[in-house]
Amino acid sequence: MDRFPAMLSKSKMIGPWLLIDGGWLAHRTLWSLMGDPAMQQGLLLTFSFLDQLRVICCDPQCQSNRVGLFFDSRKSVRREFFSDYKARRKPKTEEEMWLM
């Protein structure tokens with residue numbers, strides 16, 4: 001329990017709240033591992049996602065242990081009002097569909 005004292009004690013919380021777009025981070029993780037045969041296991045994808053989150057939190061410009069992750073939903077108000085939202089994107093590959 002002493003390994004992560006800053007995360008356990010409110011008095012030792014450091015840094016600002018970091019609000020991170022989880023969808024962006026997941027997309028970045030996916031493309032950094034594309035073509036890696038070990039990615040098929042899924043565990044590598046999860047580990048890489050969490051490792052990239054750790055790197056962001058430990059960056060000297062951020063240095064925070066308070067993080068809020070947020071994700072877009074498939075059904076969003078943005079799509080209702082802007083029907084062309086992301087309309088120019090290429091269709092997802094089979095590998096991308098497998099990860100969803």
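This passage describes the fold, the helices and the buried core of a single chain, as seen in a predicted model.

The chain contains 5 helices and 2 strands. Followed along the sequence, these elements are arranged in the pattern α-β-α-α-β-α-α. Of the 100 residues in the chain, 18% are buried. Among contacts with a separation of 6 or more, 64% join residues 24 or more positions apart. The exposed surface of the chain amounts to about 8,500 Å², and 59% of this area is supplied by carbon and sulfur atoms.

Helix α2 comprises the 12 residues 22-33. A span of 16 Å is expected for this helix at 1.5 Å a residue, and the 17 Å between its end C-alpha atoms agrees with that expectation. The buried residues of α2 are Gly22, Leu25, Thr29, Leu30 and Leu33. These residues lie on the same side of α2, because the arc that they cover around the axis is only 135 degrees. An α-helix has 3.6 residues a turn, so residues three or four places apart point the same way. At the start of α2, the backbone nitrogen of glycine 23 is approached to within 3.0 Å by a side-chain oxygen of aspartate 21. After α2 comes glycine 35, which has a positive phi, near 90 degrees.

Helix α3 has 16 residues, and the distance of 22 Å from its first C-alpha to its last is close to the 22 Å expected at 1.5 Å a residue. Leu45, Ser48, Phe49, Gln52, Leu53 and Cys57 are the buried residues of this helix. Several of them take part in contacts with α2, as the surroundings of threonine 29 show. Threonine 29 is located in helix α2. With a relative accessible area of 1%, threonine 29 falls under the 20% limit and is therefore buried. When residues up to four places away in sequence are not counted, threonine 29 touches Leu45, Ser48, Phe49 and Gln52. Serine 48, in turn, belongs to helix α3 and is buried at 12% relative accessibility. Beyond residues up to four places away in sequence, serine 48 touches Thr29 and Leu33.

The largest nonpolar core consists of 6 residues, namely Leu18, Ile20, Leu25, Phe49, Leu53 and Cys57. At least two residues of this core are supplied by each of β1 (18-21) and α3 (43-58). The greatest contribution is that of α3, which gives 3 residues. One of the core members, leucine 53, is placed in helix α3. Its relative accessibility is 14%, and leucine 53 therefore counts as buried, the limit being 20%. With neighbours within four places in sequence left aside, leucine 53 is in contact with Ile20, Leu25, Val67 and Leu69. Leucine 69 follows leucine 53 at a separation of 16 residues in sequence, and the two C-alpha atoms are 9.6 Å apart in space.

Other long-range contacts involve exposed residues. Leucine 19 is part of strand β1. At 67% relative accessibility, leucine 19 counts as exposed, because the value is over 50%. Apart from residues up to four places away in sequence, leucine 19 touches Gly68 and Phe70. A separation of 50 residues in sequence lies between leucine 19 and leucine 69, yet their C-alpha atoms are 5.9 Å apart.

Phenylalanine 71 occupies the loop between β2 (67-70) and α4 (77-81). This residue is also exposed, with a relative accessible area of 52%. Not counting residues up to four places away in sequence, phenylalanine 71 touches Gly22, Gly23 and Phe49. The C-alpha atoms of phenylalanine 71 and glycine 22 are 5.2 Å apart, although 49 residues separate the two in sequence. Glycine 22 is itself among the buried residues of α2, and Phe49 is a member of the largest nonpolar core.

Technical notes:
Residues numbered from 1 in each chain as written. Predicted model: local features only at pLDDT ≥ 70, side-chain atom pairs only at ≥ 80, totals over all residues. Heavy atoms only, no water. Helix = DSSP H or I, 4+ residues; strand = E, 2+ residues; numbered from the N terminus. Expected span 1.5 Å × (residues − 1). Buried < 20%, exposed > 50% of the residue type's maximum accessible area, 1.4 Å probe, protein only. Arc of directions from axis to C-beta. Polar contact = N/O pair within 3.5 Å; in protein donor to acceptor, adjacent residues only side chain to side chain. Core = buried A, V, L, I, M, F, W, Y, C linked by side-chain atoms within 4.5 Å. Contact = heavy atoms within 4.5 Å. Areas by Shrake-Rupley, 256 points an atom, 1.4 Å probe, with all protein chains shown as cover.
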